Amino acid sequence: MSDTVKTDENIDGDKRDFIFIATGAVAAAGAASIAWPLVAQMGKAADTLAAGSIEIDLSKIAVGQQLKTLWRGKPVFVRHRTEKEIAEAESVDVSALRDPQTDEERLVPNAEGNLERAFLVMVGVCTHFGCVPVGEAGDFDGWYCPCHGSHYDTSGRIRKGPAPTNMVIPPYTFVSDTVIKVG
């Protein structure tokens with residue numbers, strides 16, 4: 001009798017490939033489930049994100065008045081414009097502006113999709129060197145920056161002076177008819 005044993009084992013390459021792929025997929029899913037919490041903990045905390053936005057009640061701002069508040073350490077102006085201020089902002093020839101924007105482009109639609117022309121929301125910082133402009137002042141009855149003499153109109157657009165661009169419109173949405181969320 002011979003010491004060699006004969007086997008009729010037929011090696012199936014497809015089964016072996018499937019086992020390798022399945023093992024690799026399980027290993028990748030396991031690595032992802034371990035890595036996900038490590039990456040997620042590096043994000044901003046919920047309290048930090050909440051501090052990054054503020055809600056403003058527009059019903060407390062009388063026509064012709066302006067609310068000044070802080071958002072992310074910057075002043076935010078919310079102006080309840082008069083009909084005269086709205087008409088002045090809409091009558092400007094945009095092609096003559098240094099930073100051409102229509103009044104409509106500087107407004108955000110409410111929940112119904114209509115523009116609230118009466119309310120203008122801006123970051124209250126001059127785009128020249130970061131000073132805080134004075135409201136209802138200047139040659140265009142909008143804002144005037146006393147630091148270097150920039151004049152903004154009733155839509156916050158630069159009209160005269162060294163500022164290169166219009167005052168910034170922060171990201172905001174209407175939470176209700178009378179409340180906006182900035183940030």
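1. Tryptophan 71 stands opposite lysine 74, a residue of strand E3. This places the pair in a hairpin made of E2 and E3, with 2 residues between the strands. The model is a predicted one, and the points below should be read with that in mind. In the turn of the hairpin, arginine 72 has a positive phi of about 55°. Strand E2 covers residues 66-71 and strand E3 covers residues 74-80. The two run antiparallel and are joined by 6 bridges.

2. Glutamine 66 is a useful residue to look up next, as it lies in strand E2. What does the side chain of glutamine 66 make a polar contact with? The partner is the side chain of tryptophan 143, at 3.0 Å. Leaving aside residues up to four places away in sequence, glutamine 66 touches Ile61, Phe77, Val78, Arg79 and Trp143.

3. A further sheet is open and has 3 strands, in the order E1-E10-E9, with antiparallel pairing. Strand E1 (54-57) and strand E9 (172-174) are at the edges, and each has a single partner strand, so one side of each has no neighbour in the sheet. On average, neighbouring strands of this sheet are turned by 25° against each other, direction ignored.

4. The pairing of E1 with E10 can be followed residue by residue. Strand E10 spans residues 179-182, and 4 bridges pair it with E1 in the antiparallel sense. For glutamate 55, the bridge partner in E10 is lysine 181.

5. Helix H3 (83-90) shows two sides. Which residues of H3 are buried? They are Glu85, Ile86 and Ala89. Viewed down the axis of H3, the buried residues fall within an arc of 100°, so they line one face of the helix. An α-helix has 3.6 residues a turn, so residues three or four places apart point the same way. The buried residues of H3 pack against E3, while Glu83 and Lys84, on the other side of the helix, are exposed.

6. The count of salt bridges comes to 9. Side chains of opposite charge can pair when their charged atoms come close. One of the salt bridges joins arginine 117 to glutamate 90, with the closest N and O atoms 3.0 Å apart. Arginine 117 is in the loop between helix H3 and strand E4 (119-123), whereas glutamate 90 is in helix H3. The pair links distant parts of the chain, 27 residues apart.

7. Arginine 117 also forms a salt bridge with glutamate 104, where the closest N and O atoms are 2.8 Å apart. Both arginine 117 and glutamate 104 are in the loop between H3 and E4, 13 residues apart. Are these residues buried, exposed or in between? Arginine 117 is partly exposed, with a relative accessible area of 28%. Glutamate 104 is partly exposed at 43%, and glutamate 90 is partly exposed at 42%.

8. Aspartate 153 and arginine 157 form another salt bridge, with the closest N and O atoms 2.9 Å apart. The cut-off for buried is under 20% relative accessible area. Aspartate 153 has 2% relative accessibility, so it counts as buried. Arginine 157 has 1%, so it counts as buried too. Elsewhere, salt bridges that share partners join Arg79, Glu85 and Glu136 into one network. Glu85 has come up before, as one of the buried residues of H3.

9. Serine 33 lies in helix H1, which covers residues 13-40. Its relative accessibility is 48%, so serine 33 counts as partly exposed. What does the side chain of serine 33 reach at 2.8 Å? It reaches the backbone oxygen of glycine 30. Between serine 33 and histidine 148 there are 56 Å in space, C-alpha to C-alpha, and the two are 115 residues apart in sequence.

Methods: Residues are numbered from 1 along each chain as its sequence is written. This is a predicted model: local features need pLDDT of at least 70, side-chain atom pairs count only at pLDDT 80 or more; totals for chains, interfaces and linings use all residues. Side-chain values use heavy atoms; hydrogens and water are left out. Two strands pair if DSSP finds at least two bridges between them. Helices (H or I, at least four residues) and strands (E, at least two) are DSSP runs, numbered from the N terminus. Axes are lines fitted to C-alpha atoms, for helices over the stretch in contact, and angles run from 0 to 180 degrees between N-to-C directions. A polar contact is a pair of N or O atoms within 3.5 Å; within protein, one must be able to donate a hydrogen and the other to accept it, and residues adjacent in sequence count only if both atoms are side-chain atoms. Contact means heavy atoms within 4.5 Å. A salt bridge is a side-chain nitrogen of Lys or Arg within 4 Å of a carboxyl oxygen of Asp or Glu. Buried means under 20% relative accessible area, exposed over 50%, partly exposed in between (1.4 Å probe, protein chains only). The arc is that of the directions from the helix axis to the C-beta atoms.
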